[in-house]
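Welcome! Please look over the sequence and the structure below, then try the exercises before reading each solution.

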Amino acid sequence: SISDKAWCADQVCAARFSEDGTWYRARVQEDQAGSIVKVCYVDYGNHEAVPASELRLLPAVLASLPAQALECHLSRIQPVDDGDGEPAWSDEACEKLKVLVGDRNLRVVRKPPSRDSPQSSTSVDLLLEMADSRLPPQSVSNMLVESKLAEFVGLATPRVKVQTPTRSMPPQPLASPLIGFPSERTTNETAMFTETYQAYPVPTQRAVLKVAVVDDRGFIYANMIDERGSSIASVKSMSRSLQKSMANKRRSSSYSDRFVGEAGCVLCKDGKWRRCEIVQLLTGEKLKVYLVDTGFNEVAHVLAFQPEIFQGQLPRQTLKCFLHDRPTAPKGSSWPTETLQALSSLVLNKLFYVYVKGDVDYGQPVPVDL
């Protein structure tokens, strides 16, 4: 920590987040005045005032990576002008925006910046995937205008953070506290706007599933199974097409270009290609990937990853769900070990009828009864 001088604006640091006690990369927003420092957590986009004693110098290797939260603004819209001074976003509009985009799967379309666009912010349209996969994605901007909370004039200024988890990085010796985070994202910034695999359509009536994984928080990952066996045949056909498609691909995946949330295909330990998404960047140029059709995670070298989406005319074949009357554990925590063991012994690798309980948003975990 710095004990003999104050923290300065734009200085980079590690700050302990008040809600979970974990250290995160941050940037000081204002020169320190007193014992409290205002910081922005650069990998998530949230802000907080923390005691100066909760700040630390940041190793150079951590400071050299680009910030993982990308600041965006909605293009084409602005606050409703009520004729009472300078137009400003109402509390209702801000709350509506949070409801529309919070923890949702969104398609992000970058737009050319307008003349008045802030240089530090990216102009985008956000498209919300609908629960009914037959319906086209809906524009968040259009939905705000339809709710009479915005107008199609000029530039909207509410900020939306595109988030990815922080990366796993080895500890290094401490360096100067004045090393700044790179101000520009290059390859990774454009990569964040690529598509991903479609979510599995939520069953509208009783369906059959086979449970593959139960995670520490109590989420269940299951493969949907058509009682007539046609879905199994479709998946096998897709797998054959995937193996054939990837057989002659030149593998030259670069570790520096990879990012958490990127979709592609991976050559697994059993010699088969599978569709996946990156969930963690590991040391030694290795990746931890989530296999979207099985629910399992696998660690692979970056050269086994092909940054190419293979839709195969099928959505991801794993449904993420949870028991509707048993709340899952919050992020950063887990269910008790004995509870997880009991649930796993009851459901793993077994077939169940599944009944959806309650409304479900596209791409979100599904409350079910098994």
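**Exercise 1.** Which residue in S4 does Lys38 stand opposite?

*Solution.* This is a predicted model: local features need pLDDT of at least 70, side-chain atom pairs count only at pLDDT 80 or more, and totals for chains, interfaces and linings use all residues. Residues are numbered from 1 along each chain as its sequence is written, and side-chain values use heavy atoms, leaving out hydrogens and water.
Step 1: find strand S3 (residues 36-41), which pairs with S4 in the antiparallel sense over five bridges. Strands are DSSP runs of E with at least two residues, helices are runs of H or I with at least four, and both are numbered from the N terminus. Two strands pair if DSSP finds at least two bridges between them.
Step 2: look across from Lys38 to S4, and you meet Ala49.

**Exercise 2.** In what order do the five strands form the open sheet?

*Solution.* Step 1: the order is S4-S3-S2-S1-S5, with antiparallel pairing.
Step 2: strand S4 (47-51) and strand S5 (55-56) are the edge strands, as each pairs on one side only.

**Exercise 3.** Is Lys148 buried or exposed?

*Solution.* Step 1: go to the loop between helix H3 (140-146) and strand S10 (159-162), where Lys148 lies.
Step 2: Lys148 counts as exposed because its relative accessibility is 68%; buried means under 20% relative accessible area, exposed over 50%, and partly exposed in between (1.4 Å probe, protein chains only).
Step 3: check the backbone too, for Lys148 has a positive phi of about 60° although it is not a glycine. Most residues other than glycine have a negative phi.
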